[in-house]
Amino acid sequence: MKRRHCVFCGEPAINKNREHILPKWLLELTGAPSRVVTMAFDPGTGKPIKFAWSALVMPACEACNAEYSALEAAVKPILLALLDRRPITSRQYLLLLDWLDKVRVCLWLNQLILQKAMETIDPHLHVGNRIGTKDRLLYLYTLDGQAMGLNAFGIESLIFQHQPSCFALRVNNIILFNASSDYAFSDGCGFWHPERIDRQIDGEFAGRVVFQGHAMTRKITHPIVDYPLLKAAVRIIQPIAQRGEDGEFFGPLRQNESYHIRHMSDPSRGAGILFRQFDDKVLPIHNFDAPIEFEGVDAVNNGNAGDIAAQVYRFQVYLLHKGVELVGSEPAIAHANSMSNILTTTNEMRAVLTERGQRSNQGRDFVTLAFRDAMAAAKRPAEPKG
Ligand SMILES: [Zn+2]
């Protein structure tokens with residue numbers, strides 16, 4: 001995926017159009033469309049890179065753009081309903097999850113362009129191969145009050161740059177906390193999943209991910225997610241089976257195993273149904289058209305939206321490590337581990353500073369500067385021992 005390649009199909013854009021990462025109706029719904037926001041920091045100075053929401057565009061083919069605009073149109077009434085606290089159906093949540101995949105990946109590609117990091121990151125990823133292809137989750141938080149606003153939380157972190165696994169989108173008085181990662185939640189849904197995910201870090205196959213071993217309980221675990229996420233008005237999780245290089249599903253789905261088939265929303269895509277997390281149980285949602293009512297949860301007060309943003313940074317760390325084993329030469333593993341420590345530490349710093357509402361000093365982002373200094377120290381040759 002290069003700058004001029006289509007954000008949807010990854011090919012050179014044909015009859016190039018500009019795709020707005022966030023649709024115009026959403027910008028108008030949440031404030032002045034031309035307002036300026038900060039979503040990234042200059043890696044050298046820590047100063048914010050500012051731009052208008054309305055200027056957030058990516059290259060796209062005309063045909064791809066038209067195809068995805070149907071998704072935008074379908075999502076509008078869904079978001080309007082949620083803003084009014086009206087329940088939507090499982091079928092609608094599945095569309096909303098597709099749209100969140102799209103927004104998350106577009107914001108990620110945009111960050112890579114802003115940070116000039118395109119060369120170092122997986123060039124094959126684009127929206128078309130990242131919608132509905134990995135386990136995903138949505139926790140819907142409600143906010144007190146009627147303040148308008150649109151914010152994307154967590155997208156400036158180094159872990160997000162590494163893998164667009166988790167972010168949160170505030171739209172006026174709701175926050176959509178969204179995560180997606182390889183087999184992150186299949187285990188808890190009773191679905192097939194690898195026992196371990198090997199990530200090759202050097203040599204001929206650097207970057208390759210290999211699923212090792214297999215496990216399946218056919219039982220739902222309560223809670224599904226092995227992480228203490230804050231309670232939300234709606235908490236839904238969807239397992240999604242993946243295909244190997246031969247085009248066949250991994251695991252028993254290729255034999256139409258019955259537990260999987262009973263819990264599928266779209267077997268041809270490997271897409272599970274939604275599982276709803278409650279305080280005391282998990283319920284699989286078999287009826288796609290029944291309204292999913294909000295749970296009685298005290299709304300997060302606006303000042304505490306920071307707690308949800310902090311949760312994004314910490315959940316990114318959780319997903320970065322979950323089930324993953326690094327494979328490679330000893331020095332490469334040592335280097336990857338020290339990088340991983342730096343990524344984890346900077347995310348934890350972001351979480352703590354976000355909770356305290358102290359992110360910057362004289363307009364410079366604390367964490368960006370701390371990361372710059374940590375990297376400089378890591379590159380410095382060790383003092384000779386003597
Ligand atoms: Zn295209």
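**View 1. Buried residues of helix α6.** In α6, a DSSP run (helices are H or I of at least four residues, strands E of at least two, numbered from the N terminus), the buried residues are Ala305, Ile308, Ala309, Ala310, Gln311, Val312, Tyr313, Arg314, Phe315, Gln316, Val317 and Leu319. A residue is buried if 20 or more other C-beta atoms, placed from the backbone, lie within 10 Å of its own; by this criterion α6 is mostly covered, with 12 of its 17 residues buried. The model is predicted, and local features need pLDDT of at least 70, side-chain atom pairs count only at pLDDT 80 or more, and totals for chains, interfaces and linings use all residues. Residues are numbered from 1 along each chain as its sequence is written.

**View 2. Surroundings of α6.** The buried residues of α6 pack against β6 (136-142), β7 (150-153), α4 (158-162), β8 (166-171), β9 (174-180) and α7, contact being counted where C-beta atoms placed from the backbone lie within 7 Å.

**View 3. Packing of α6 on α7.** Helix α6 (residues 305-321) and helix α7 (residues 330-356) pack at an angle of about 165°, their axes lying 8 Å apart, where axes are lines fitted to C-alpha atoms over the stretch in contact and angles run from 0 to 180 degrees between N-to-C directions. That angle makes α6 roughly antiparallel to α7 (over 145 degrees).

**View 4. Span and end of α6.** From its first C-alpha to its last, α6 reaches 25 Å, close to the 24 Å expected at 1.5 Å a residue (1.5 Å times one less than the number of residues). Gly323, with a positive phi near 70°, follows α6.

Definitions and conventions. Angles under 35 degrees count as roughly parallel, over 145 as roughly antiparallel, 65 to 115 as roughly perpendicular and the rest as oblique. Two residues are in contact if their C-beta atoms, placed from the backbone, lie within 7 Å.
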